[in-house]
Amino acid sequence: MFFSMITADNADKQVYHEYKELGDGWMYSFDGESKPVSLPYAFSNPDRKDFKISRTFHTDMPDIAHDLYLVSYYCNFDIYLDGELYYRCDKRSRQVPGMVYVIVDLPEKLAGTTITIEYKPHLDIGKFRITVPYLGDKGDIVRRLFIDNMFDTAFLLIITVVGAFLVMIGAFIRFNVKYMNINILSTGLFSLFSGTYMMARIEWVRVLFDIDYILYLIEFNSLMVLMLPVLMLLMSVFTGTSKVIVNVLLHFNILNILAEETLSLLNIRSLREMLPFNHIVLIITTAAFLYCLYARREIIDEYKFEITVSLIPRVGF
C-alpha cells in the first residue's frame, strides 16, 4: 500500500486530482450573531455552545470534488445541504472525547448548494478551532495526507519495529555484560511505546482506519507507560537513596495508571480529561530522574557508553 501511494505519480493508468481547500467564503454564526470568516478560525467558547459555519459552493467546483474531508476539534457536528440534514457525526462523546477525522461523500453536483456545518462541543476546553475543510476525491485526499506524513510515518515505523526487536533481544538473549539486558529491554520498550504513541496521532492513519476508540486507547495508554522503562533501568542500576526515590516514582506511576484506567472504565473521567494530571506525573518523574542521574554520576562515569546509548533516545523523545 505504501509503495503504491508513493509511486502513484508516475503510474500511467492512475489519474489523481489535487483537492480544493475551502478556506474562504464562510459565514460564522455563534450565540445569535453572524459574521464572515476565513478558515482556520479560533475563538473562545467557555460555555460549550453550539456554533455554525456556512457557505455556498460556486460553479468552479470540479465534478470529481464531492468528498468533504473535515477535522473537528472536540466537537460532533451535523452537515446540512440547503437546510436539510445530510450527515450526522456522533463518533465522540464526553466519555471518549477527542478530535474527529471524517471524509463525507457529498452529492456530485454541488454548484449552487449551500452547506452548513453545525458543531456541537463535547469537551470543556474553553477555546475551539475550526479547521479548513477540503473537497476532492477520497482516494486523493488520503494519498495526499499520506505523502505529507510519509517521512514521519517511515521514521515512526522504524522506531516501533526496532523497539519490538530490542524487546525480544533483551528478553530472550542473555549477555554477560553487566546491565546489558535491562538496558536493551528498557530502550526497546521506550522506543515501542514512543512509536505507537506517535503513530496513533498521524492524520492519515486516523482517516484511513475507522477505529477511533482503539487509536484513542493506544495514544493515551502509550503515554501513561512511557516512563516505566526508564524507571526499570534505574531500579537495576541505583542503590541507596537514589534507588528508594526511583522505587517511589515507579509505584507512583503504576498507581496513576491503575487510577486513570479505573476512572475511564467506570466512565467517571475520560483519559483525555485526566491528561493534565498525567503530564504532572511525567514532569515529576523526569525531574526526579535527572536528579538521580546527577546524584549517582559515578555510575555514569563507570558505564558511560552503555548509559549514554540508552539515554540519548529517551532525551530526544
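Q: In this predicted model, at roughly what angle do the axes of helix α8 and helix α9 cross?
A: Find α8 at residues 240–265 and α9 at residues 275–295. Their axes come within 10 Å of each other. Where they cross, the angle is roughly 165°.

Q: Is α8 roughly parallel or roughly antiparallel to α9?
A: Start with the crossing angle of α8 and α9, which is roughly 165°. Angles over 145 degrees count as roughly antiparallel. So the label for α8 against α9 is roughly antiparallel.

Q: Is the crossing of α8 and α9 left-handed or right-handed?
A: Here you look at how α8 passes α9. That crossing is left-handed.

Q: Which residues of α8 make the contact with α9?
A: On the α9 side, the contact includes F277, V281, I284, A288 and F289. Across from them, the α8 side is made by S242, I245, V246, L249, F252, N253, N256 and E260.

Q: By class, how many nonpolar, polar and charged residues does the contact of α8 with α9 have?
A: The contact has residues from both helices, such as L249 of α8 and Y291 of α9. Sorted by class, they come to 12 nonpolar, 5 polar and 1 charged.

Q: Where is I284, and which residues does I284 touch, leaving out those up to four places away in sequence?
A: I284 sits in helix α9. With a relative accessible area of 39%, I284 is partly exposed, because that label covers values between 20% and 50%. Its C-alpha is separated by 8.5 Å from that of L249, a residue 35 places away along the chain. Leaving out residues up to four places away in sequence, I284 touches L249 and F252.

Q: How far does helix α4 reach from its first C-alpha to its last?
A: Helix α4 covers residues 180–199, which is 20 residues. At 1.5 Å a residue, the expected span is 28 Å. The model comes out close to that, with a reach of 28 Å.

Q: How many residues of α4 are buried?
A: Helix α4 is largely enclosed by the rest of the structure. That description fits because, of its 20 residues, the number buried is 15.

Q: How far apart are the axes of α4 and helix α7?
A: Helix α7 covers residues 228–237, and α4 packs with it at an angle of about 165°. That makes α4 roughly antiparallel to α7, and the crossing is left-handed. The distance between their axes is 8 Å.

Q: Which residues in α7 meet α4?
A: From α4, the residues involved are I182, N183, L185, S186, L189, F190 and F193. The contact of α4 with α7 divides into 9 nonpolar, 3 polar and no charged residues. On the α7 side, the residues are P229, V230, M232, L233 and S236.

Q: Which residues in α3 are buried?
A: Helix α3 runs over residues 150–172, so look along that stretch of 23 residues, which reaches 33 Å. The buried ones are M150, T153, L156, I159, T160, G163, V167 and G170.

Q: Which peptide bond is cis, with omega near 5°?
A: Most peptide bonds are trans. To find this cis one, go to the loop between β3 (33–37) and β4 (41–44), the place of P40. The bond is the one from L39 to P40.

Q: Which residue does Y41 lie 5.6 Å from, C-alpha to C-alpha, despite being 88 residues apart in sequence?
A: Y41 is in strand β4 and is buried, with a relative accessible area of 18%. Not counting residues up to four places away in sequence, Y41 touches Y28, K35, F128, R129 and I130. The partner 88 residues apart in sequence is R129.

Q: Is Y74 buried or exposed?
A: Y74 lies in the loop between β6 (67–72) and β7 (75–81), and its phi is near 60°, a positive value in a residue other than glycine. Buried means under 20% relative accessible area. At 18%, Y74 counts as buried.

Q: Is D82 buried or exposed?
A: D82 is in the loop between β7 and β8 (84–89). Its phi is positive too, near 50°. Exposed means over 50% relative accessible area. At 53%, D82 counts as exposed.

Notes
Residues are numbered from 1 along each chain as its sequence is written. This is a predicted model: local features need pLDDT of at least 70, side-chain atom pairs count only at pLDDT 80 or more; totals for chains, interfaces and linings use all residues. Side-chain values use heavy atoms; hydrogens and water are left out. Axes are lines fitted to C-alpha atoms, for helices over the stretch in contact, and angles run from 0 to 180 degrees between N-to-C directions. Helices (H or I, at least four residues) and strands (E, at least two) are DSSP runs, numbered from the N terminus. Angles under 35 degrees count as roughly parallel, over 145 as roughly antiparallel, 65 to 115 as roughly perpendicular and the rest as oblique. A crossing is left-handed if the near helix is turned anticlockwise from the far one by less than a right angle, and right-handed if clockwise. Contact means heavy atoms within 4.5 Å. Ala, Val, Leu, Ile, Met, Phe, Trp, Tyr, Cys and Pro count as nonpolar, Asp, Glu, Lys and Arg as charged, and the others, Gly among them, as polar. Buried means under 20% relative accessible area, exposed over 50%, partly exposed in between (1.4 Å probe, protein chains only).
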